[in-house]
Every structure is written in structure tokens, then in C-alpha cells.
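Reader: Could you walk me through this one? I'd like to start with the pocket and then move on to other things.

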Amino acid sequence: CKEMAPVLVKLNEEMQGRAVIHFIDVWKYPDAAQDYPVQVIPTQVFFMADGTPYVPDEALGIPMTMYSTRDTGEHIFTVHEGGLTEEQMRLILADMGVTE
């Protein structure tokens, strides 16, 4: 979502060395989303620093969808569908252990 892009750019600049925040325009680069469960634009996919999927604290109050493999049930993606505000992104990053 073009509305979220400035927030993502700002947070990426602020969080250098603590978090990696990528914005991919899937209209320009449709292949970039082919391996991810993108059904809505925007969709955010969250991973911990070690590459494992983020598991949100239920108290966060931001709806997330967790995807698992069909064969083993292994958790492989955590996504949020729809836009997020800067405040919500900061709450998620804090829940992930990223400190300001």
C-alpha cells in the first residue's frame, strides 16, 4: 500500500541495525510475493531476527494470521492483512523485541 510506504521507510531508517523493514511494490514486482500468502494489498509478513516466524502476544490486539504447512503443521508465516499505522508497527516491533 502506497500509504504505508512512508511509515516503512521512516521505521527502516530509524531501526537500522535493529530491524530490517522492506517494502515491495507487488504491482511492479509481482514475482516477489509468489512464495508468500499475499491475498490483500497491503500484507505484512513478520519474521524474527533468526528467521523464524513471529508469534504475536495476544494482548497486542492486532489481528494476525499464522500459516502452517499442511503436512507437518510447522509454523512458516505470520502475516497481517491491511494497513498498519506507525503506532501499530512500533507496537509489533516492540513485541518482537526491537527496542528504540
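Author: Gladly, and please keep in mind that this is a predicted model. In the lining of the largest pocket, the largest share comes from strand S1, which supplies three residues.

Reader: What volume does the largest pocket have, roughly?

Author: The volume of the largest pocket comes to about 1,000 Å³. It is lined by 32 residues, and those closest to its centre are Ile21, His22, Phe23, Gln44 and Val45.

Reader: Which helix supplies at least two residues of that lining?

Author: That is helix H2, residues 86-95, which supplies at least two residues of the lining, as S1 does.

Reader: And how do the lining residues divide into nonpolar, polar and charged?

Author: The lining of the largest pocket has 25 nonpolar residues, together with four polar and three charged ones.

Reader: Back to S1 for a moment: which strand is it joined to, and by how many bridges?

Author: Strand S1, residues 43-45, is joined by three bridges to strand S3, residues 75-81, and the two run antiparallel. Within S1, Gln44, which was listed among the residues closest to the pocket centre, stands opposite His80 in S3.

Reader: What about S2, how does that pair with S3?

Author: Strand S2, residues 65-68, pairs with S3 in the antiparallel sense as well, over four bridges, and Tyr67 has Phe77 in S3 as its bridge partner. The hairpin of S2 and S3 has six residues between the strands, and Gly73 in that hairpin takes a positive phi near 80 degrees.

Reader: Switching to electrostatics, how many salt bridges does a search of the whole structure find?

Author: The search finds three salt bridges. In one of them, the side chains of Lys10 and Glu86 meet with an N to O distance of 3.1 Å. That pair links distant parts of the chain, since Lys10 is in helix H1, residues 5-14, while Glu86 is in helix H2, 76 residues apart.

Reader: Are Lys10 and Glu86 buried or exposed?

Author: Neither label fits, because Lys10 has a relative accessible area of 37% and is therefore partly exposed, and Glu86, at 24% relative accessibility, counts as partly exposed too.

Reader: OK, and which residue forms a salt bridge with Glu14?

Author: Glu14 forms its salt bridge with Arg90, and the closest N and O atoms of that pair are 2.9 Å apart. Because Arg90 lies in helix H2 and Glu14 in helix H1, this pair ties together parts of the chain that are 76 residues apart in sequence.

Reader: Is Arg90 buried or exposed, then?

Author: Arg90 has a relative accessible area of 17%, so it is buried, the cut-off being under 20%. Its partner Glu14 has a relative accessible area of 33% and is partly exposed.

Reader: Which residue in helix H2 does Arg90 also bridge to?

Author: Arg90 forms a salt bridge with Glu86, where the closest N and O atoms are 2.9 Å apart. Glu86 and Arg90 are separated by about one helical turn, because they are four residues apart in helix H2.

Reader: So which residues are linked in the network?

Author: The network of salt bridges links Lys10, Glu14, Glu86 and Arg90.

Notes:
Residues are numbered from 1 along each chain as its sequence is written. This is a predicted model: local features need pLDDT of at least 70, side-chain atom pairs count only at pLDDT 80 or more; totals for chains, interfaces and linings use all residues. Side-chain values use heavy atoms; hydrogens and water are left out. Two strands pair if DSSP finds at least two bridges between them. On a 1 Å grid over the protein atoms alone, a cavity is a set of points where a 1.4 Å probe fits but cannot get out, and a pocket is an open set with protein on both sides within 12 Å along at least five of seven lines; lining residues have an atom within 4 Å of a point. Grid points are joined across faces, edges and corners, and a volume is the space filled by probe spheres set on the points. Ala, Val, Leu, Ile, Met, Phe, Trp, Tyr, Cys and Pro count as nonpolar, Asp, Glu, Lys and Arg as charged, and the others, Gly among them, as polar. A salt bridge is a side-chain nitrogen of Lys or Arg within 4 Å of a carboxyl oxygen of Asp or Glu. Buried means under 20% relative accessible area, exposed over 50%, partly exposed in between (1.4 Å probe, protein chains only).
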